[in-house]
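The following exercises ask the reader to work from a structure towards a description of it. Each task is followed by a solution in steps.

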Amino acid sequence: MIFTNTKFKRAAKEMSAAANYRSWKKAALSHDELSGMNRWKKVEHTRLYDYASIRTRLNRLRKYKKNGSYHDLVFTLNEGIHGNMGGMGASSLYDRAKVGTKKLIVDYVNEICIALKLIDSVDDSIISREEKDDLFFRASHCFGCSALMLSGGAVLGNFHVGVIKTLLAEGLLPSVISGSSAGAIIAAMIGTNTDKELHKKFDSQHLIMTARQEAGWVKRLLNPHQKILIEDVQKFVERLIPDLTFLEAYELTGRKINISVAPAEFHQTSRLLNATTSPNVYVRSAVMASSAVPGIFPPVTLMAQNAHGEKQEYLPERKWVDGSVSDDLPAKRLARLYGVNHFIVSQTNPVVLPFLNSPLGKLPAGRWISSLATSTLRESLKATKGITKLHAQRWPRAGLLLNMYYSVAAQTYVGDINIIPDYSFVNPRKLLAIASEEEIMALIEAGEHATWPKVEMIRVSTQIGRTLNEILGKRR
């Protein structure tokens, strides 16, 4: 037993000290072997999901593939390609082991993807192109897609960089990405740079150099003897993000980036800026608006490209502020725009981190209680908001502050897969303080370490969607 405990400690220490995902995964698999979780993965039976239905469908797919029964294979695929078939997408199935989940689930997802690629490769004389197109487009529509949502969080936004670095290296970065406030800066970087440029920018040595430059720049900017000007902030954004409109960014990278902005005026509604809703708006101006923390930086007027290719004000009578105030994680809007039904969240919003990282919030029962309490709070807010608005009309500024409070309190701050820094308390004074090179790199590394335990869940959950996108991309 002492020998086993020593091995456990060694595996845990190696996981904590890992410099990359490969090293972490090797140590985590050793931990699973010692804990018996590798055996658990191989055993199909559990009350956590409908293993019998999945086993039946898996056997059928393999039989038709082996016999070359392509029409039967199409029929079986048409019965339903679902990301949560038999409850196989439940997070509880990924909470047991350090790496991965039940082998049956992995095998089933792999077999679905093999079957889809096989049908795509079958000669059109056997299965017509029209029948194939119908299968793939309907399957894609029904299956939906995944989105990555990057929350606000001021200096904690550097955590998102570590998340992106890991997903990019593993080929798991979704094409639909949203960002608000600090998350808007990272989302804009992703959406305005090609894959080749991103791999260079997220290389470890390049990140160290960038962190050094950023720390030096912020130190100069926040010098108590030097006044902070919005023009200085704009120069910082210009250094990070190319001067492109949302449409130009999409045409360059194929990524659907979305940036949340909140209204600076009472009676106005928030916006989600992207290549569909605001194609001619400049990404930089959207980032400036989404990063305009109320009381710290002034509201921003958006800029757009007119029909002559010139810059002009977009909705000149409107000004915008920090996107996390009204729509930190715009899940409903992403679902409407792109058919997203699976959300990966990198959450650094200091307002919610204490609740997400509390001992109660980490337990299944605690999550249920938290969800119930949140629902109750939302209903209470809905009931009182109308009454408050009537009184707020007499004091517009107070009304605006109350409107922001309602927006913040009524939001949902989690998704299907949540990547969260392990901080139960964040000192508010440090959020907008000077961040040293070491602090920036520590946040990036924290983002990497927090993402590694989620990688296999993301891989399995998105594999069918990625396969369908690959097939449809060749057929367009």
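Two residues are in contact when heavy atoms of theirs lie within 4.5 Å. The model shown is predicted.

**Exercise 1.** State how many helices and strands the protein chain has, and what percentage of its residues count as buried.

*Solution.* Step 1: the secondary structure comprises 23 helices and 9 strands. Step 2: the chain has 476 residues, of which 47% count as buried. Step 3: the exposed surface of the chain is about 24,000 Å², and carbon and sulfur atoms supply 56% of that area.

**Exercise 2.** Determine whether the span of helix 6 agrees with the expected value.

*Solution.* Step 1: helix 6 covers residues 103-121, which is 19 residues. Step 2: the expected span is 1.5 Å times one less than the number of residues, and for helix 6 this gives 27 Å. Step 3: the end C-alpha atoms of helix 6 are 27 Å apart, so the two values agree.

**Exercise 3.** Identify buried residues of helix 6 and the elements that cover them.

*Solution.* Step 1: the buried residues of helix 6 include Leu104, Tyr108, Ile112, Ala115 and Ile119. Charged residues also appear in the list, among them Asp107, Glu111 and Asp120. Step 2: the cover over these buried residues includes helix 4 (51-67), helix 5 (70-78), helix 7 (129-143) and helix 23 (455-475).

**Exercise 4.** Describe how helix 6 and helix 23 are arranged with respect to one another.

*Solution.* Step 1: the axes of helix 6 and helix 23 come within 9 Å and cross at roughly 5°. Step 2: angles under 35 degrees count as roughly parallel, and therefore helix 6 is roughly parallel to helix 23. Step 3: the residues that meet include Val109, Cys113 and Leu116 in helix 6, and Val460, Ile464 and Leu468 in helix 23. Step 4: sorted by class, this contact has 10 nonpolar, 3 polar and 5 charged residues.

**Exercise 5.** Is Thr467 buried or exposed, and which residues does Thr467 touch?

*Solution.* Step 1: Thr467 is located in helix 23. Step 2: the relative accessibility of Thr467 is 5%; because buried means under 20%, Thr467 counts as buried. Step 3: leaving aside residues up to four places away in sequence, Thr467 touches Cys113, Leu116 and Lys117.

**Exercise 6.** Classify the exposure of Asn5.

*Solution.* Step 1: Asn5 belongs to helix 1 (residues 2-17). Step 2: Asn5 has a relative accessible area of 36% and is therefore partly exposed.

Methods:
Residues numbered from 1 in each chain as written. Predicted model: local features only at pLDDT ≥ 70, side-chain atom pairs only at ≥ 80, totals over all residues. Heavy atoms only, no water. Helix = DSSP H or I, 4+ residues; strand = E, 2+ residues; numbered from the N terminus. Buried < 20%, exposed > 50% of the residue type's maximum accessible area, 1.4 Å probe, protein only. Areas by Shrake-Rupley, 256 points an atom, 1.4 Å probe, with all protein chains shown as cover. Axes fitted to C-alpha atoms, helices over the stretch in contact; angles between N-to-C directions. Parallel < 35°, antiparallel > 145°, perpendicular 65-115°, else oblique.
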